Amino acid sequence: MTSRYVNNLGVLTSGGDAPGMNAAVRSVVRTALDRGVKVYAIYEGYQGMVDGGKHIREMDWGSVSNIMNLGGTAIGSARCADFRTREGRVKAAKNLIDHGIDGLAVIGGDGSLTGANLFREEWVSLVDELVETKQVTKKQAGKHPQLAIVGMVGSIDNDMFGTDMTIGADTALHRITDAIDAISSTAASHQRSFIVEVMGRNCGYLALMSALATGADWALIPESPPNVDDWEAKMCEILTAGRKAGRRDSIVIVAEGAQDRYGNPITCDYVQKVLEDRLGEDARVTILGHVQRGGSPSAFDRYLTTLLGYAAVDQILAATPDTEPQLIGMRENRITHSSLMDSVRQTHAVADYIAAKDYDKAMEMRGGSFRENFRTLRTLVRALPHPPDPNQKTLRLAVMHGGGPAPGMNTAARTAIRLGLDKGHTMLGVDDGITGLIHGHIREMNWMSVHGWAPKGGAELGTNRRIPKKSEFYAIARQLEEHRVDGLLMIGGWSGYQSLYQMYNERESFPAFNIPMICLPATINNNLPGSELSIGSDTALNSIVEVVDKIKQSAVASHRCFVIEVMGRNCGYLALMSGLATGAERVYLAEEGVSIGDLQKDLSDLIEGFRRGKRLGLLIRNENSNPLYTTSFMAALFEEEGGDLFDVRTAILGHLQQGGDPTPFDRIQAIRLSRRCIEFLIEESEKDKPASAFMGIRGGKVQFFSMDNLPHMMDEEVERPKEQWWLELRQIARVMAQPAPQRR
Ligand code: ADP
């Protein structure tokens, strides 16, 4: 780091605020301090940079404590006309040089990032002007030959190229799905239609994803207007069919920038009028507005931004005067950097295509998974399946669960059943997991049997951890034969995987097992091979974060340390990620275990911290981190040895982690994976030797693994995957948790 040209860092939030900005600021500040760099927060965005003075403040470790859970931005944001003028930017440059700042981390939308880029392009001439006008000395100027810029995108719309997710988009989806779930229940009570407007002027991300996640009836997005002239008739037809099939509510979601093929805006009021005129429906409009922007950030928006901030500082410190401004983003579940201005240009290109009514190009630029989700939505919104193709063989595909309950299981089952029916197949539901399979609790599902399942927590089909004994295979084979099952989808956790794996291995003895079988990862523990994330883990993480926020608030009596136990079995994912998202100072993982030496060190850190004035301690423990040093043992040890300095409380979070309605992310992933599983079963069932597989998301892509790989990819003794991508985040958690001198 000695060769770096950047002196001090500045961090600012600019443009529209977005939940998660605070975690990004916190991360930039703590990483910079860790790297031995002075860091300033520039309050009120570019306005603060132009005005200087009290707006530019040096930050220390404690200045960013307790902000991560807050919505908005704690250091303020503003639109700034002055910064659009050269005069304003000269003032800003002077203020930065006065503080020795020549590295800037800018968190904002495309406007803010464009401004940052321009500022850097002009830097040399701005500094020259300051020297000429004797506002800075030549020596001062010489120390700051260039300005290094990194950008992070704060925007709830998820409308930026160069990152799969922008800061705030996940939280906004939480707000929207909560609101639509609530609206659906009142709409259903009165058999009403609701039209809901969500944000997104040029980007239909929020509208599309919330429609998928809530099981809405129709969605209008800017990138892909309805492709028929009388789309109003088509919409009414689908809504009417839905009512006839038994739906009690209709929900239409309209993106702010929705338009028809000719570029005419489609407003909520217009949709309302259509429904009233054509259907004689009592339709209500809800414009969600700024609610979508507000509130405490989701778990994802806390840990994503923490990772972004960390990467941003290292990126800026590695910059040379020639390094182009970089955008730090997330692609395929990894932190990446790319040219900031390329990303801004591409972002504008999508808007330009929409304006030019070139919708194919606009959709193309949104990427494959956006298009795939849009196609899925168009099938799922239908009230009835497409008529079957008479030449096609009708398969009988069964859907079941195994393992502990995972929020999102219902969403996945609903998708599989509807998409299977839509392709002309008979869909069967197995009740109560393996127990139901043994006893033949298998029923035919129709389109409306899964109505209302998209947002529902729990598992309507029932689930348990039973794995069949050898003696039970015969009964299972009989049931599969009797119900003429052609393919089996297991949506579940490790016991579900093991059950199918064993059946797969018994194909020789039981020909009924010679059908395609597929496992879709659904467990809150995120301990399955072949998938970086399993359905349910995001919901569990959010439940943990919500409770920990409350526990922290309860600690108004200061000098208290909490030992919080979270689930995960032998996998520390929930412990580490909730630690990152709540600002825990220590996490105990099953992967690392806990030794007496660890506890002694942690105890002395606690004592030292509380002596220096710390008010609250937060330790998160994975349930299996050590069988003997239990949560209560640790609490008793710390309590006894801490004496009068602090007291200790425990919170074992228990089953609330498996409950709750699935988060939008879990719903969307469930839909995406489930669709692919059904396609797999249909494809394989045509083959003489059908494959069986487990699947999931790796590097942001859906991947399949032959069942034969299961033992190779899993550490069976500890029941967790051999490869766990998230373990590398431990270093970042450590940097965030404690200042360097105290760190182990
Ligand atoms: P967002 O960053 O959310 O897109 P804006 O477009 O309002 O929000 O930009 C925020 C601020 O960034 C503006 O108020 C202005 O100070 C600065 N800015 C935006 N565009 C430019 C530009 N082309 N040149 C200089 N500054 C700009």
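Colleague: Hello! Let me start with one residue: which backbone oxygen does the side chain of serine 625 reach at 2.9 Å?

Modeller: Welcome! This is a predicted model, in which local features need pLDDT of at least 70, side-chain atom pairs count only at pLDDT 80 or more, and totals for chains, interfaces and linings use all residues. Residues are numbered from 1 along each chain as its sequence is written, while side-chain values use heavy atoms, with hydrogens and water left out. A polar contact is a pair of N or O atoms within 3.5 Å; within protein, one must be able to donate a hydrogen and the other to accept it, and residues adjacent in sequence count only if both atoms are side-chain atoms. Here, at 2.9 Å, the serine 625 side chain meets the backbone oxygen of asparagine 622.

Colleague: Is serine 625 buried or exposed?

Modeller: Helices (H or I, at least four residues) and strands (E, at least two) are DSSP runs, numbered from the N terminus. Serine 625 sits in the loop between strand E19 (616-622) and helix H21 (631-642). Buried means under 20% relative accessible area, exposed over 50%, and partly exposed in between (1.4 Å probe, protein chains only). With a relative accessibility of 4%, serine 625 is therefore buried.

Colleague: Now to the ligand: which residues come nearest among the 15 around it?

Modeller: A residue is near a molecule if one of its heavy atoms lies within 4 Å of it. There are 15 such residues, and those that come nearest are Arg79, Cys80, Gly109, Gly111 and Ser112.

Colleague: How many Å separate an oxygen atom of the ligand from an N or O atom in the side chain of arginine 79?

Modeller: Two arginines have side-chain N or O atoms to look at. For arginine 84, such an atom is 3.4 Å from a nitrogen atom of the ligand. For arginine 79, the partner is a ligand oxygen, and the distance is 2.6 Å.

Colleague: What percentage of the ligand's accessible area does the protein cover?

Modeller: The backbone takes part too: an N or O atom of glycine 109 is 3.0 Å from a ligand oxygen. On its own, the ligand has 550 Å² of accessible area (Shrake-Rupley method, 1.4 Å probe). The share covered by the protein is 81%.

Colleague: Which helix gives the most to the shell around the ligand?

Modeller: The shell can first be sorted by class, where Ala, Val, Leu, Ile, Met, Phe, Trp, Tyr, Cys and Pro count as nonpolar, Asp, Glu, Lys and Arg as charged, and the others, Gly among them, as polar. That gives four nonpolar, eight polar and three charged residues. Six residues of the shell come from the top contributor, helix H4.

Colleague: At which residue does H4 bend?

Modeller: The expected span of a helix is 1.5 Å times one less than its number of residues, so the 23 residues of H4 should span 33 Å, in agreement with the 32 Å between its end C-alpha atoms. A bend is the angle between axes fitted to the seven residues ending at a residue and the seven starting there. In H4 this angle is about 55°, and the place is tryptophan 123.

Colleague: Which residue with a positive phi follows H4?

Modeller: Most residues other than glycine have a negative phi. Just past H4, though, phi is near 55° at lysine 134.

Colleague: Is arginine 484 buried or exposed?

Modeller: Arginine 484 is not a glycine, yet its phi is positive, at about 50°. Its loop lies between helix H16 (473-482) and strand E15 (487-492). Because its relative accessible area is 54%, arginine 484 is exposed.

Colleague: What is the relative accessibility of glutamate 332?

Modeller: Glutamate 332 is another residue other than glycine with a positive phi, near 50°. The loop that holds glutamate 332 joins strand E10 (326-331) and strand E11 (334-339). Glutamate 332 counts as partly exposed because its relative accessibility is 37%.

Colleague: How many of the 14 residues of H1 are buried?

Modeller: H1 covers residues 21-34 and reaches 20 Å from its first C-alpha to its last, close to the 20 Å expected. Just after H1, glycine 36 has a positive phi of about 75°. H1 is largely enclosed by the rest of the structure, because its count of buried residues is 13.
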